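Trainee: I've got a new model open and don't know where to begin. Could we go through it together?
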Amino acid sequence: GYVEITERTIGFRLTRWLYALCWTGTDRPSVLFERATAWLVTHKVLLPGATTLERYVARLRARVEERLWRLLSRGIEGEQQTRLESLLVVPMGSRNSALDRLRTGPVTVSSPALVQALQRLRVVRELGIQLPATARIPATRVAALARFAGAAKASAILRLPNPRRLATLVAFVHCLEASAQDDALEVLEALLRDLFNNAIKADRKARLRSLKDLDQAAAVLASAC
């Protein structure tokens, strides 16, 4: 009852299944190889050579990656692309690129930190990056590219091929807008909490200082009544 992998329906079903896994997940090639092997055994398909299946998984995964990069870079105009790639350039007299500065969020709770967080959010929003709504790109794939851009050196991202570099920057800026807004709101919330706590403490101290006068007034009222 076993069939060959070269049978047309088997190849189509396996390709469609693996393509969905690659498109919606971020599994490593070794994991995809093991899952493909398990699928072949479950569906009673004679296993091909290991190198044959490895090349098949690698080609399919590369095709999915190229589609992801193409969809992320769709609609990015020349000016936007120039501004995105300028994030990787280290200015003269500086040791950090604009990408490094954007990756650094607020570390203290203060008014200057709130101003810096709002300026960081403004810079991200001015880039004007919006994912195409019709692309239906899985959030996990976008987040994976953004994590890579958040951890890798600017020089490493600069050496990537043009489609992958542009898609990586688009995913990073798209995810950074939400995190930068959250950072600014957290600093604002902490500042307001400190202000209200200080006001409550000041009111409590003022009340404690007036307790003696209240006791004397209560004693006078008691003797008068």
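What follows is a short chat about helix packing, a buried arginine and the nonpolar cores of this predicted model.

Trainee: How are H6 and H9 oriented relative to each other?
Mentor: Start with the axes of helix H6 (residues 111-126) and helix H9 (residues 162-224), which are 9 Å apart and make an angle of about 160°. Angles over 145 degrees count as roughly antiparallel. So H6 and H9 are roughly antiparallel to each other.

Trainee: And what is the handedness of the crossing where H6 passes H9?
Mentor: Look at where H6 meets H9: the contact includes Leu114, Leu118 and Leu121 of H6 and Leu176, Ala180 and Leu188 of H9. The residues of this contact divide into 13 nonpolar, two polar and four charged. As for the handedness you asked about, the crossing of H6 past H9 is left-handed.

Trainee: How are H3 and H7 oriented relative to each other?
Mentor: Their axes come within 12 Å and cross at roughly 85°. The range from 65 to 115 degrees counts as roughly perpendicular. H3 and H7 are therefore roughly perpendicular to each other.

Trainee: Which residues of H7 make the contact with H3?
Mentor: On the H3 side you'll find Val64, Glu65, Leu68 and Leu72. Taking both sides, the contact has five nonpolar, no polar and two charged residues. The H7 side consists of Arg141, Val142 and Leu145.

Trainee: Is Arg141 buried or exposed?
Mentor: Arg141 sits in helix H7 (residues 139-151). Leaving out residues up to four places away in sequence, Arg141 touches Cys22, Trp23, Gly25, Thr26, Val64, Glu65 and Leu68. Its relative accessible area is 5%, and under 20% counts as buried. So Arg141 is buried.

Trainee: Which helix supplies the largest share of the largest nonpolar core?
Mentor: That core has 26 residues, and Leu18, Tyr56 and Leu72 touch the most other members. Helix H1 (8-24), helix H2 (29-42), helix H3 (50-72), H7 and H9 each give at least two residues to this core. The largest share, nine residues, comes from H3.

Trainee: What does Leu18 touch, not counting residues up to four places away in sequence?
Mentor: Leu18 is one of the core residues that touch the most other members. With those sequence neighbours left out, Leu18 touches Leu32, Ala36, Tyr56, Val57 and Leu60.

Trainee: How many residues are in the other core?
Mentor: In soluble globular proteins, nonpolar side chains tend to be buried together. Here, another core lies apart from the largest one, with Ile76, Leu99, Leu160 and Leu176 among its members. The size of that other core is 21 residues.

How values were computed. Residues numbered from 1 in each chain as written. Predicted model: local features only at pLDDT ≥ 70, side-chain atom pairs only at ≥ 80, totals over all residues. Heavy atoms only, no water. Axes fitted to C-alpha atoms, helices over the stretch in contact; angles between N-to-C directions. Helix = DSSP H or I, 4+ residues; strand = E, 2+ residues; numbered from the N terminus. Parallel < 35°, antiparallel > 145°, perpendicular 65-115°, else oblique. Left-handed = near helix turned anticlockwise from the far one by under 90°. Contact = heavy atoms within 4.5 Å. Nonpolar A, V, L, I, M, F, W, Y, C, P; charged D, E, K, R; others polar. Buried < 20%, exposed > 50% of the residue type's maximum accessible area, 1.4 Å probe, protein only. Core = buried A, V, L, I, M, F, W, Y, C linked by side-chain atoms within 4.5 Å.
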